[in-house]
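Visitor: I should like to take a close look at a single part of this model. Please describe the sheet in the second of the chains shown, together with the helices around it.

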Amino acid sequence: MNETVIEPIELEEAAYASDVSEPLIKRNLALLGHVSVRLDVLVGSAQINIEKLFSLSKGDSIALDADLDAPMVLQLDGKPIARGHLMAVGDSFGLKITEIL
Amino acid sequence: MTSEIRFGWLGEARRAALRTSIAAEVMDWSRAWWMHHAPGEVDVRSIEPDSLYSKAVMPLVSANDAGVLVLHLNGKSTDAIGRHLAGAASDEDAGLAQRIGQDALEDLVLRLRRKAGAMKIAALCPDVTPLALEDARLGAYAVALSLGRMELGLVIDRRLADCLAPSSAIKSVSLVPRQAAIGHAALTVTAVMNFGSINLSQLSDLCVGEVLVGDRRLEDTLHIHVDGHIAVANGHLRRQGTKRAVMFDGVSSQDMQKP
């Protein structure tokens, strides 16, 4: 009967940086196609003072600095990536893209 | 001796009031005594009392119950001061120049004492500087007086300072609660719609004209952020005339998030 040797594994020390400058994984978003990202739409801003902020109650409105027909900004991780117009698509919001890089 | 020392640092408002009071008297005095009086060349500025202190040169001291005043002549004799005031360049009539200098300095002290409400006359004699006039921490207040190229140092003690610029005469600034003071500070509120999550593959293919559909329902609320930080409230998208508006619905609680 063969006897199995059981012993601890000795790990090799990892180098802090490789000498090879060529990236191993090419910058190809298709590889990450399944990854979800959260998007925000910047609707508009307004300047108010602290007193006004603390006096707002449910149902109060404040006008924003954006015109009704102005495109909204689509943000990814807080960075603007596209502009578009807000639409209703069934019961959900949609954004018709007017500008994107 | 320590019983004579009154501890009492003068605050900035008191020092400013003292400088104004002394400057007004010096201006009047120089008009009366200085032949080449020119308002632009008369200057009175606050200095530290210890910057005038010197063991080598004895100042002129005027002391009585109403307070102590010390004049530093910066190495000049009273006749040199008299000549400067009289606009005389030569050394002739040294006796007259000395009298003019002495009388002028005594008159300056008298004017300041009168302004402080003290009617008693106190002689102006060479003496050592009292300890209480060597340091601002002991309530001393000092100014440098410039009349053209002539510069004198003047130090008064706390008693005289209290009379020249009483603390009651300094208008006290009433404080307001911090909450009231910040009430008018401007803030930027930003309405942000959480559009939902999409796959990067959808994003990479996105083109102009396409409609990106989020997973937020039409009735879902917007987040109201203050100065780019956490969401403080929720609201609904509305219109006010030609502008977009947001109607507040409630405070943001569980779903507070950064924009």
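Guide: Axes are lines fitted to C-alpha atoms, for helices over the stretch in contact, and angles between N-to-C directions run from 0 to 180 degrees. The model under discussion is a predicted one. In chain B, helix α1 (residues 12–33) lies across β1 and β5, and its direction makes an angle of about 150° with β1(B).

Both of these strands belong to an open sheet of six strands in chain B, ordered β1-β5-β6-β3-β2-β4 with antiparallel pairing. Its edges are formed by β1 (42–47) and β4 (125–126) of chain B, each of which pairs on one side only. Within the sheet, β5 (residues 141–147) and β6 (residues 150–156) of chain B are joined by seven bridges in the antiparallel sense. Ala144(B), for instance, has Gly153(B) in β6(B) as its bridge partner.

Strand β3 (67–72) of chain B is followed by a loop that leads to α2, and Asn74(B) is found in this loop. Its phi is near 55°, a positive value in a residue other than glycine. Most residues other than glycine have a negative phi. Asn74(B) counts as partly exposed, because 15 C-beta neighbours lie inside 10 Å.

Beyond the loop, helix α2 (residues 78–86) of chain B packs against helix α3 (residues 94–115) of chain B at an angle of about 85°, the axes being 6 Å apart. The two helices are therefore roughly perpendicular. By class, their contact comprises eight nonpolar, five polar and three charged residues. Among the residues that meet there are Ile81(B) and Leu85(B) from α2(B), and Ala97(B) and Ile100(B) from α3(B).

Key:
Residues numbered from 1 in each chain as written. Chains lettered and ligands numbered in written order. Predicted model: local features only at pLDDT ≥ 70, side-chain atom pairs only at ≥ 80, totals over all residues. Pairing = 2+ DSSP bridges. Helix = DSSP H or I, 4+ residues; strand = E, 2+ residues; numbered from the N terminus. Contact = placed C-beta atoms within 7 Å. Parallel < 35°, antiparallel > 145°, perpendicular 65-115°, else oblique. Nonpolar A, V, L, I, M, F, W, Y, C, P; charged D, E, K, R; others polar. Buried ≥ 20, exposed ≤ 12 C-beta atoms within 10 Å, placed from the backbone.
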